[in-house]
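Dear colleague,

I am handing over the structure below, and after it you will find my notes on what turned up in it. Please read them with the coordinates open beside you.

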Amino acid sequence: MASSKGSRLRGKPLRFGGDRIFEYTVMGVATLTLALVWLLVVRMVFDAQLSIERFGFGFLIGGDWDPNRDVYGALPFIFGTLMTTGIAVLIGVPLSIGIATYLSELAPPWLKGPLSFVVELLAAVPSVIYGLWAMYALRPVMVDTVEPFFQSALGWTPLFQGDPVGLDKFTAGIILAIMIIPTIASVSKEAMMAVPDSQREAALSIGATRYETTRIAVLTYARSGIFGACILGLGRAVGETMAVTMTIGNANRVSWSLLDPGQTMASLIANNWGEAQGLQLSALIEVGLVLFVIALLVNAFARIMVGRFMSRVPATGGGL
Amino acid sequence: MDDKIVTKGLNAYFGDVHAVKGIDIRIPKNAITAIIGPSGCGKSTLIRCMNRMHEVVRGARVTGEVLLDGRDIYGSQMDPVLVRTKVGMVFQKPNPFPTMSIYDNVVAGMRLNGEKDWKRLDATVERSLKLAALWDEVKHQLDASGVSISGGQQQRLCIARALAVQPEALLLDEPCSALDPIATAKIEDLLFDLKDKYTIVIVTHNMQQAARVADFTAFMYMGELIEFGVTKKIFENPDKELTEKYITGRFG
Amino acid sequence: MNTYEYRKLKNTLASGLALACVILALIPLVYILAGVVVKGAPALSWEFLTNRTVGTGEPGEGIGNAIVGTLLLVFYASMIGLPVGILTGIYVSEYGNNKFGTAVRFFNDVLANFPSIVVGLLAYALVVAYLNVGFSLIAGSVALSIIMIPIVANTTEEALRMVPNSLREGALALGVARWRTVLKVMLVSGRAGIVTGALLAIARIAGETAPLLLTAFYSSYWSFSPTEPIASLPLTIFRNYNSPSEVLLQQAWGAALVLIIIVLTLNIGVRLFMRQKTKKSKAVRMRWMTRLSRRD
């Protein structure tokens, strides 16, 4: 990389040194991120030792979280996380795919950019403001309209037992759905826009309508990318803290009903941090560890799926 | 000889770019018509106007008439979806649906129309693949993915797919330019067999192909139709000097 | 209704449905923004912005210390996060075509996907507990910087990746030192991308609450010592969001309004800036032209 240009170059003797110093500095700092991850994870495991030793594997299936008796189990929160993210995905995915379809295939060109931007703006709103809004705008709607409706229609199932209070897993799920829509929609949109025009032309040329073209040529072609987008959204939902904390009702027990208050792994930590000591603190950290591992696995899976799709797609893209 | 497709004062635009300028052309029925000309002369745009594919591009516009058996396909009551089932198209790069099997690719059009009877579907698959000279090669692997076969085979699959919806005319936009000579020959052969039943228009930048295959040839230059006639005449004794220049390789 | 009409109907319905999804998603956005403005605006006044939070609910409370707190947290976090992030991004982009580079990229991804509460846990473990600093401004900044680093690293890498190689090769062929080349490339061509990445990262951490819960805690006073707890806008909202006191609730809405103004201004500003730059891009115009003439 060092060329032997003439001595008219000033600072030539410094060049090797400068290059090396720079490269090593940069590399050193980059190593910092690696070191950081390791350091922090190790530290967390260390702090969770107390709880790990006490409860072992049973921690994951223990349904009791009782500071008074110093007994802790993560099941209620794994459960709560699963239920809220389940609702989020159930509501969020169809809406997101609809949005992605509109943005990719149907929107007039002058609208595409601004509209995409506005959808992405949904992701910029801080979680705590979502929570604040949910408290005063979403909750009344849930209590007065939505939850009674579901209760009357599906109250015979274990999912909708109990009285609608408003601060429960259902509400938390809905606010989560709103929050993951920008993620799923924009990645799905990119996946759909990456489908080559030749595919759309193929469908149109055998007499497909716009909708049919989207269905057989675009959505199927992009399906692994769209799937990856959904998993990405799922990953976001798993780790989301504030909006969930503010809407889920803070109840540390397992309950099948969506209308009952609950707790996710993230909201548990947020709600209990201040006073926790000793074994409880250690248990909280262990819950954090479990959350971390789950989020890691989900996100890794998502990235693999999206990565694989993007590498299969030819360089030409764009929508008709 | 009847004319299958007739254009009257056809103009096509990409935004402000005037790609096809006032073309009147008569495509004879049950014959192969080739459209030749240098790159950028508008030949692809012209045939895309014949099955209303041109307007799919944003900002694209068409004025004038295109008559299919006497009816203007751009008439206010005409649905492009129906036009495209009557006039099929095969593209430059083979584009079978990768997520579908060979079987599913062929019957894609029929399925869109709600056809579920597997006996009829099976029959269509066999008929179309035979017409496309592909049946013998793939009949034992109809489940295989549409993209698992060679390029030449994929293109014939696309022809089968287009034929499965029983069009009256077939437009081919430089169908062999991405293929090797052997695959090209196979396709040229099958076109000969097809012309009894279908009206075929083929755009090609390869003059020898036009000479080999076409009954009639149209020469285009810079968006205008310069000359149209029986292939033999165009190549041996053209009326226009521009045509002669192109044929003898003086440009393009 | 025959098949053809049925298909046309499905087509119309599907298009309508897609549009409905868009509108449905926009409703919460509009509703939230409107709500925050409507409920927060009455709280805004010079006193509100300059008084400190007291927490008792007596009239005369303000969010001055929270605003300053957020600014300080972001500032210190950027002091750590920006250099580390940018340098990591430079490394991965310019020197990272090897196993180590892949590892760094991978770990960056891992870091980016830590739930923010877990980041809070980690910063707590490191700064509050192990280093025994206690709940503090510095702990909060460390937590926020951990969130910042992967964002800035990614956007820096992307920005540098977009710079055409010919620039680098040209400079090297002239005998310019590698490190000077990188610096030049980065400061001149990659500047826009790096800056926008930094601004977006700042917008993101300004709104983060969970990590601060565990690290910076809260303070109702005007002291801004690095080793003391500190107020912040997001935490002001969280403390008061279900308070029975009208004054404190107003405080939450007012804080929300100020926060969202900051966040949205950064986001919109960045996007407008990016759009301006790409409008002038020759590459975009060329692509449009080739698309138009690709037909023949």
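**The first sheet of chain B**

In strand 5 of chain B, B:R71 is the bridge partner of B:L68. Before going further, I should say that this is a predicted model, and that everything in these notes was computed from it or reported by the predictor. The pair just named belongs to the link between strand 4 (residues 60-68) of chain B and strand 5 of chain B, which run antiparallel and are joined by 2 bridges. These strands sit in an open sheet of 4 strands in chain B, with the order 2-1-4-5 and antiparallel pairing. Its edge strands are strand 2 (17-28) and strand 5 (71-72) of chain B, each of which pairs on one side only. Helix 1 (residues 43-50) of chain B packs on this sheet, where it touches strand 1 (3-14), strand 2 and strand 4 of chain B, and the direction of the helix makes about 60° with that of strand 2 of chain B.

**Strand 9 of chain B**

Further along chain B, strand 9 (residues 216-221) is mostly covered, with 6 of its 6 residues buried. In a regular strand the side chains alternate between the two faces of the sheet. Here B:F216, B:A218 and B:M220 point one way from strand 9 of chain B, while B:T217, B:F219 and B:Y221 point the other way, and all are buried.

Strand 9 of chain B pairs with strand 3 (residues 32-36) of chain B, the two running parallel and joined by 4 bridges, and in this pairing B:I35 stands opposite B:A218. With strand 10 (residues 224-230) of chain B, strand 9 of chain B pairs in the antiparallel sense over 6 bridges, and there B:F216 stands opposite B:V230. Strands 9 and 10 of chain B form a hairpin with 2 residues between the strands, in which B:M222 takes a positive phi near 50°.

**Chain A and its contact with chain C**

The secondary structure of chain A comes to 12 helices and 2 strands, and along the sequence these follow the pattern α-α-β-β-α-α-α-α-α-α-α-α-α-α. The radius of gyration of chain A is 25 Å, whereas a compact globule of 320 residues would have one near 20 Å; along its principal axes, the C-alpha trace of chain A spans about 80 × 65 × 35 Å. Of the 320 residues of chain A, 53% count as buried, and among contacts in chain A between residues at least 6 apart in sequence, 76% join residues at least 24 apart.

The contact between chain A and chain C takes 68 residues from chain A and 72 residues from chain C. On the side of chain A that touches chain C, helix 1 (residues 12-55) of chain A gives the most, with 18 residues, and by class that side has 46 nonpolar, 13 polar and 9 charged residues.

**How confident is the predictor?**

For the complex, the predictor gives an ipTM of 0.93 and a pTM of 0.87. Chain C averages a pLDDT of 84, and 93% of the residues score at least 70. Within chain C, confidence is highest in helix 1 (residues 3-40) of chain C, at a mean of 93, and lowest in helix 13 (residues 282-293) of chain C, at 41. Over residues 280-296 of chain C, pLDDT stays under 50, and for this stretch the model has 15 contacts beyond four places in sequence.

With best regards

How values were computed:
Residues are numbered from 1 along each chain as its sequence is written. Chains are lettered from A and ligands numbered from 1 in the order in which they are written. Two residues are in contact if their C-beta atoms, placed from the backbone, lie within 7 Å. Ala, Val, Leu, Ile, Met, Phe, Trp, Tyr, Cys and Pro count as nonpolar, Asp, Glu, Lys and Arg as charged, and the others, Gly among them, as polar. The radius of gyration is taken over C-alpha atoms; the globule rule is 2.2 Å times the number of residues to the power 0.38. A residue is buried if 20 or more other C-beta atoms lie within 10 Å of its own, exposed if 12 or fewer, and partly exposed in between; C-beta atoms are placed from the backbone. Two strands pair if DSSP finds at least two bridges between them. Axes are lines fitted to C-alpha atoms, for helices over the stretch in contact, and angles run from 0 to 180 degrees between N-to-C directions. pLDDT is the predictor's confidence in each residue, from 0 to 100.
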